[in-house]
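Please open the structure in a viewer and keep the selection tool at hand. The tour below proceeds from stop to stop, stating at each what to select and what is found there.

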Amino acid sequence: MTKKRVLSGVQPTGNLHLGNYLGAIRNWVEVQQEYENYFCVVDLHAITVPHNPKTLADDTYTLAALYLACGIDLNYSTLFIQSHISAHSELAWLLNCITPLNWLERMIQFKEKASKQGENVSVGLLDYPVLMAADILLYDADLVPVGEDQKQHIELTRDLVTRINDQYGTKKEPILKYPEPLIRKEGARVMSLTDGTKKMSKSDPSEMSRINLLDPPDEIAKKIKRCKTDPIKGLEFDNPDRPECHNLLTLYLLLSGKTKAEVQQETCEMGWGQFKPLLADSAIAALEPIQAKYHDIMSDRDYLDSVLREGREKAEVSAHEILGRVKKALGYSTPL
Ligand code: AMP
Ligand code: TRP
């Protein structure tokens with residue numbers, strides 16, 4: 001039986017934090033043996049907001065190294081850089097021409113990001129979900145493991161599949177495949193350490209709001225020591241009046257590998273002074289092996305280059321085939 005296909009990606013902007021890890025990458029790693037996986041560093045998406053050309057290439061390689069350090073296994077997964085495969089931009093153009101403008105204008109992430117950019121909103125920022133749809137569709141992905149915030153983009157991708165298949169395909173021979181989001185309940189929305197009602201985010205101006213995967217142990221301990229809590233003794237999940245409490249317990253659950261019932265029992269009578277060092281220790285212990293592996297990989301640039309070259313060669317086969325399929329359906333001639 002052929003395995004289902006998985007595709008996902010993260011942008012090389014800012015530092016990778018616990019939200020990216022627990023919401024996305026860790027889930028890729030956990031299920032990779034069951035699927036045929038494609039994981040890319042989406043560097044074309046990184047320029048939809050103002051970016052620094054001096055650091056883009058390094059940030060892209062750093063993120064690829066972090067994928068490997070987090071446990072992406074090349075026996076099951078193909079790792080590549082989005083901009084290395086021109087089919088992504090090309091399919092995005094073709095999809096642009098069949099995407100109604102108002103579908104993009106109502107995307108929540110666009111509205112949020114645009115409001116932060118003021119006058120400086122690029123067409124690329126509006127078009128971001130179309131490029132993401134191209135990423136997914138070029139690999140016939142069945143499943144897209146992401147955090148909760150990306151669900152709307154995958155729904156848009158599905159709407160585009162319907163449009164293309166209806167307009168240019170036949171019932172018997174659909175052109176593109178419907179992807180499904182793969183969203184885990186726990187970790188799908190890791191919240192800020194300074195405000196339990198806000199998502200942990202790369203773009204939060206406060207470093208204290210997030211734990212980065214490459215933060216040294218003393219920095220992690222400091223951030224947890226200072227993070228926002230509440231004055232109530234006894235810790236609990238799922239109390240809407242205690243968003244910080246729920247978030248920190250969820251982080252502890254995910255990082256320690258304990259079950260919800262175990263965490264509940266262990267912490268129900270604890271105060272914050274007792275709990276915070278436990279959480280800090282489990283975060284440090286979970287990140288330590290990732291950091292060690294990351295430094296190993298970064299010290300051997302030839303190895304990383306060869307991984308990305310092989311990844312590109314493999315990914316290109318699928319991207320090329322599917323782009324050809326769409327172009328043919330839209331009526332393009334093939335160059336001889
Ligand atoms: P981005 O940082 O926007 O490139 O996001 C990369 C991946 O991390 C996507 O799958 C997001 O859904 C996921 N992600 C980002 N922030 C969070 C968060 N605070 N909680 C859970 N998942 C997140
Ligand atoms: N938009 C995603 C994010 O911000 C990143 C992304 C781009 C992506 N292309 C993708 C995720 C394709 C999954 C599949 O997190």
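**First stop: Ile72 and its surroundings**

Select Ile72 and display its surroundings: beyond residues up to four places away in sequence, Ile72 touches Trp28, Val29, Gln32, Phe39, Tyr67 and Ser77. The model on the screen is a predicted one. Ile72 is located in the loop between helix 2 and strand 3 (77-81). Is Ile72 buried or exposed? With a relative accessible area of 4%, Ile72 is buried. For a sense of distance, add Leu287 to the selection: 215 residues separate Ile72 from Leu287 along the chain, and their C-alpha atoms are 15 Å apart.

**Second stop: Val29 in helix 1**

One of the residues that Ile72 touches is Val29, and this is the next residue to select. Val29 belongs to helix 1, which covers residues 18-31. Setting aside residues up to four places away in sequence, Val29 touches Cys70, Gly71 and Ile72. A distance drawn from Val29 to Leu68 should read 9.6 Å between C-alpha atoms, for two residues that are 39 places apart along the chain.

**Third stop: the cysteines**

Cys70, one of the residues touched by Val29, leads to the matter of disulfides. A disulfide is a covalent bond between the sulfur atoms of two cysteines. How many disulfides does a search of the whole structure find? The search finds 0. Select Cys40 together with Cys70: the cysteine sulfur closest to that of Cys40 is in Cys70, 15 Å away, which is too far for a bond. A disulfide would require the two sulfur atoms to be within 2.5 Å. Cys40 counts as buried, at 1% relative accessibility, and Cys70 also counts as buried, at 8%.

**Fourth stop: helix 2 against helix 12**

Colour residues 56-69, which form helix 2, and residues 301-330, which form helix 12. These two helices pack at an angle of about 85 degrees, and their axes are 11 Å apart. Helix 2 and helix 12 are therefore roughly perpendicular to each other. To view the contact itself, show the side chains of Tyr61, Ala64, Ala65 and Leu68 in helix 2, which meet Arg301, Tyr303, Leu304, Asp305, Val307 and Leu308 in helix 12. Sorted by class, this contact comprises 8 nonpolar residues, 2 charged residues and no polar ones.

**Fifth stop: the nonpolar cores**

Which residues have the most contacts inside the largest nonpolar core? They are Leu18, Ile25, Tyr67, Leu251 and Phe275, in a core of 58 residues. Helix 11 (residues 272-298) supplies the largest share of this core, with 9 residues. Next, centre the view on Leu18. Not counting residues up to four places away in sequence, Leu18 touches Gly23, Val190, Met200, Ile211, Leu213, Leu251, Leu255 and Leu287. Another core, of 43 residues, lies apart from the largest one; Val42, Leu95, Ile98 and Leu323 are among its members.

**Sixth stop: Leu255**

From Leu18, move to Leu255, which lies in helix 9 (residues 243-256). Leu255 is buried, its relative accessible area being 12%. Apart from neighbours within four places in sequence, Leu255 is in contact with Leu18, Leu22, Leu279, Ser282, Ala283 and Ala286. By way of distance, select Thr99 as well: Leu255 and Thr99 are 156 residues apart in sequence, and their C-alpha atoms are 41 Å apart in space.

**Seventh stop: three loop residues**

The tour ends in the loops. Asp140 is found in the loop between helix 6 (123-137) and strand 4 (143-145). Although Asp140 is not a glycine, its phi is positive, at about 50 degrees. Asp140 counts as buried, at 17% relative accessibility.

Then select Asp238, in the loop between helix 8 (217-226) and helix 9. Asp238 is not a glycine either, yet has a positive phi of about 65 degrees. With a relative accessible area of 49%, Asp238 is partly exposed.

The last selection is Pro53, in the loop between strand 2 (36-41) and helix 2. Is Pro53 buried or exposed? At 63% relative accessibility, Pro53 counts as exposed. Adding Gly14 gives a final distance: the two residues are 39 places apart in sequence and 13 Å apart in space, C-alpha to C-alpha.

Notes:
Residues are numbered from 1 along each chain as its sequence is written. Chains are lettered from A and ligands numbered from 1 in the order in which they are written. This is a predicted model: local features need pLDDT of at least 70, side-chain atom pairs count only at pLDDT 80 or more; totals for chains, interfaces and linings use all residues. Side-chain values use heavy atoms; hydrogens and water are left out. A nonpolar core is a set of buried Ala, Val, Leu, Ile, Met, Phe, Trp, Tyr and Cys residues joined through side-chain atoms within 4.5 Å. Buried means under 20% relative accessible area, exposed over 50%, partly exposed in between (1.4 Å probe, protein chains only). Helices (H or I, at least four residues) and strands (E, at least two) are DSSP runs, numbered from the N terminus. Contact means heavy atoms within 4.5 Å. Axes are lines fitted to C-alpha atoms, for helices over the stretch in contact, and angles run from 0 to 180 degrees between N-to-C directions. Angles under 35 degrees count as roughly parallel, over 145 as roughly antiparallel, 65 to 115 as roughly perpendicular and the rest as oblique. Ala, Val, Leu, Ile, Met, Phe, Trp, Tyr, Cys and Pro count as nonpolar, Asp, Glu, Lys and Arg as charged, and the others, Gly among them, as polar.
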